[in-house]
Amino acid sequence: MAVTASVPSRLPERSSTAQPRAIDASRPMRLSVLGATGSIGTSTLDLVSRTPEKFEIIALTAQSNVKELAALARHHKARLAVIGDETRLAELRAALEGSGIRAAAGADALADAALEPADCIMAAIVGAAGLKPTFAAVSQGARIALANKECLVSAGHVFTAAITRFGAELLPVDSEHSAAFQVLAGADPASIDKIVLTASGGPFRTWTRDAIAAATPEQALKHPNWSMGAKITIDSATLMNKGLELIEAFHLFPVSVDKLDCIVHPQSIVHCLVSYVDGSVLAQLAPPDMRTPIAVALAWPDRMTAPTEKLDLARLATLTFEPPDEDRFPALRVAKAALRRSDTAPAVLNAANEIAVRAFLDRKIKMFDIAALVEETLNAAERQGAICPAQSLEDILAVDELARFLAYEKLSGY
Ligand code: NAD
Ligand code: MG
């Protein structure tokens, strides 16, 4: 199935807002966590450790932190632990000695881990590196608790088509999308007027353009509300994250691009607002703690207890909202353009942004260079005819590779 440049108001391959099938709650949920040592991975396992009798941990994966992976695998009595860096297999085996836990390493082993029979797979690898393992998880028709937004950003139509083809169940973990999912459950798509994602505004929300231009990685990594991995924290500082999330929302919910919007809400209490055609606006509220959306994805359609702070609106007293400023946060404009351009533009956007964020963290470029580098890469890809319909994961991976090459080429000019 080809992805067309125009965006019809409702794409058949996108998931509906209907409730997913329930998981058999009468036995422990067989759960695998891809990216177990990361921010989402450890929050997931923190929830698991509070009611261990309700879960059976199948596979845990990480890229390079053998010590933490082995400790998590032992603590949760996982059956399999996989490290992405294949040079560390001996180290992992040694760390797991006597535990009976199988050890494996390398990119193929990560995808194999996702194929181990499970009821639910938490897809929490960061970046396009998560595509292959998450697609592998989809192919076993399990519940996919999706934190890895790159699957929807880079491979949206291909990914949602795979979900349908394999009868898998997609539950968003990104907080705004979990919020929309909860608010929308069962809604008739024709009754939706607008889906508005909130953004905290990040650490530079009140900064001048000149101050943002000179910002350091340390300043960008100081997120006011959320504790997250480094990549998404920088994306929150540029507002690229909100752009990626609009693309993610487009593939998750049956609305046209025009019905998606974002608003800055510095307190990060309201995560998404859905306006209906009759003027009603429904929202989901929760303190900014990822254990809430993770718990929703694990327990849906039931609810499980999450040890998060209780929402105290009287203490908070004020919730404020403001429009995003695309002059100070140009990455949002660039991402919105990629969403409208469709085809493989979001895959190029994501790949170039991954390179740009790494370069910013390595102090090779400044804050505004991130959006500029991504935009230049998109233009270069367009000139090469690489913004085109994608039919398969292989198509997406090829475009991702080309975009990285083009972005590195541009980067050498900075
Ligand atoms: P993180 O950097 O804290 O953790 C990433 C995990 O992926 C680690 O376990 C790491 O070992 C693994 N990993 C890294 N590179 C890899 C590679 N090349 N191959 C295989 N595994 C690799 O990231 P995070 O903040 O937990 O984010 C994970 C995903 O969830 C991202 O897609 C992010 O956008 C999304 N997300 C995160 C949050 C959050 O609060 N952290 C919120 C919404 C969405
Ligand atoms: Mg989010």
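User: Let's say a residue is near a molecule if one of its heavy atoms lies within 4 Å of it. Which residues come nearest to ligand 1?

Analyst: This is a predicted model, so take everything here as computed from it. There are 22 residues around ligand 1, and the ones that come nearest are Thr-37, Ser-39, Gln-63, Glu-150 and Gly-229.

User: What does the side chain of Glu-150 have close to an oxygen atom of ligand 1?

Analyst: An N or O atom in the Glu-150 side chain sits 2.8 Å from an oxygen atom of the ligand.

User: And how far from a ligand oxygen are the backbone atoms of Gly-35 and Val-126?

Analyst: For Gly-35, a backbone N or O atom is 3.3 Å from an oxygen atom of ligand 1. For Val-126, a backbone N or O atom is 3.5 Å from an oxygen atom of the ligand.

User: OK, pockets now. How much space lies in the second largest pocket?

Analyst: About 440 Å³. The lining has 23 residues, and Ala-25, Lys-54, Leu-298, Ala-299 and Met-304 are the closest to the pocket's centre.

User: Which helices supply at least two residues each of that lining?

Analyst: Helix α1, residues 39-50, and helix α12, residues 291-299, each do that.

User: How do the lining residues divide into nonpolar, polar and charged?

Analyst: The second largest pocket is lined by 14 nonpolar residues, seven charged ones and two polar ones.

User: Switching to cysteines. How many disulfides does the structure hold?

Analyst: Zero. As a reminder, a disulfide is a covalent bond between the sulfur atoms of two cysteines.

User: Why is there no bond between Cys-272 and Cys-262?

Analyst: The sulfurs are too far apart: Cys-262 holds the closest cysteine sulfur to that of Cys-272, and the distance is 11 Å. The cut-off for calling a disulfide is 2.5 Å between the sulfur atoms.

User: How far apart are the C-alpha atoms of those two?

Analyst: The C-alpha atoms of Cys-262 and Cys-272 are separated by 8.7 Å, and the two residues are ten apart along the chain.

User: Is Cys-272 buried or exposed? And where does Cys-262 lie?

Analyst: Cys-272 is buried, at 0% relative accessibility. Cys-262 lies in strand β9, which covers residues 260-264, and Cys-262 is buried too, with a relative accessible area of 6%.

User: What about Cys-388, which cysteine sulfur is nearest to it?

Analyst: That would be the sulfur of Cys-151, 19 Å away, and Cys-388 is in no disulfide. Cys-388 is partly exposed, with 26% relative accessible area.

User: Any odd backbone geometry to look at? Start with Trp-300 and Pro-301: what joins them?

Analyst: A cis peptide bond, with omega at about 5 degrees. Pro-301 belongs to the loop between α12 and α13, the latter being residues 313-316.

User: Which value of phi does Leu-239 have, and where is Leu-239 placed?

Analyst: Phi of Leu-239 is near 70 degrees, which is positive although the residue is not a glycine. Leu-239 is in the loop between α10 (230-238) and α11 (240-252). With a relative accessible area of 4%, Leu-239 is buried.

User: What's phi for Ala-317? And is Ala-317 buried or exposed?

Analyst: Ala-317 has a positive phi near 65 degrees, again in a residue other than glycine. Its relative accessible area of 63% makes Ala-317 exposed. You'll find Ala-317 in the loop between α13 and α14 (330-341).

User: Next, Ala-314. Where is that, and is Ala-314 buried or exposed?

Analyst: Ala-314 is in helix α13, and Ala-314 is exposed at 73% relative accessible area. From the C-alpha of Ala-314 to that of Ser-227 is 24 Å, with their positions 87 residues apart along the chain.

User: Two more. Where do I find Ser-200, and how far in space is Ser-200 from Met-228?

Analyst: Ser-200 is in the loop between β8 (192-199) and α8 (209-213). Ser-200 counts as buried, at 11% relative accessibility. Ser-200 and Met-228 are 13 Å apart in space, C-alpha to C-alpha, and 28 residues apart in sequence.

User: And Thr-233, which helix does it lie in?

Analyst: Thr-233 lies in α10 and counts as buried, at 3% relative accessibility. Thr-233 and Ala-283 are 50 residues apart in sequence, and their C-alpha atoms are 24 Å apart in space.

Methods
Residues numbered from 1 in each chain as written. Chains lettered and ligands numbered in written order. Predicted model: local features only at pLDDT ≥ 70, side-chain atom pairs only at ≥ 80, totals over all residues. Heavy atoms only, no water. 1 Å grid on protein atoms, 1.4 Å probe; cavity = no way out; pocket = protein on both sides within 12 Å on 5 of 7 lines; lining within 4 Å. Points joined across faces, edges and corners; volume = space filled by probe spheres on them. Helix = DSSP H or I, 4+ residues; strand = E, 2+ residues; numbered from the N terminus. Nonpolar A, V, L, I, M, F, W, Y, C, P; charged D, E, K, R; others polar. Buried < 20%, exposed > 50% of the residue type's maximum accessible area, 1.4 Å probe, protein only. Polar contact = N/O pair within 3.5 Å; in protein donor to acceptor, adjacent residues only side chain to side chain.
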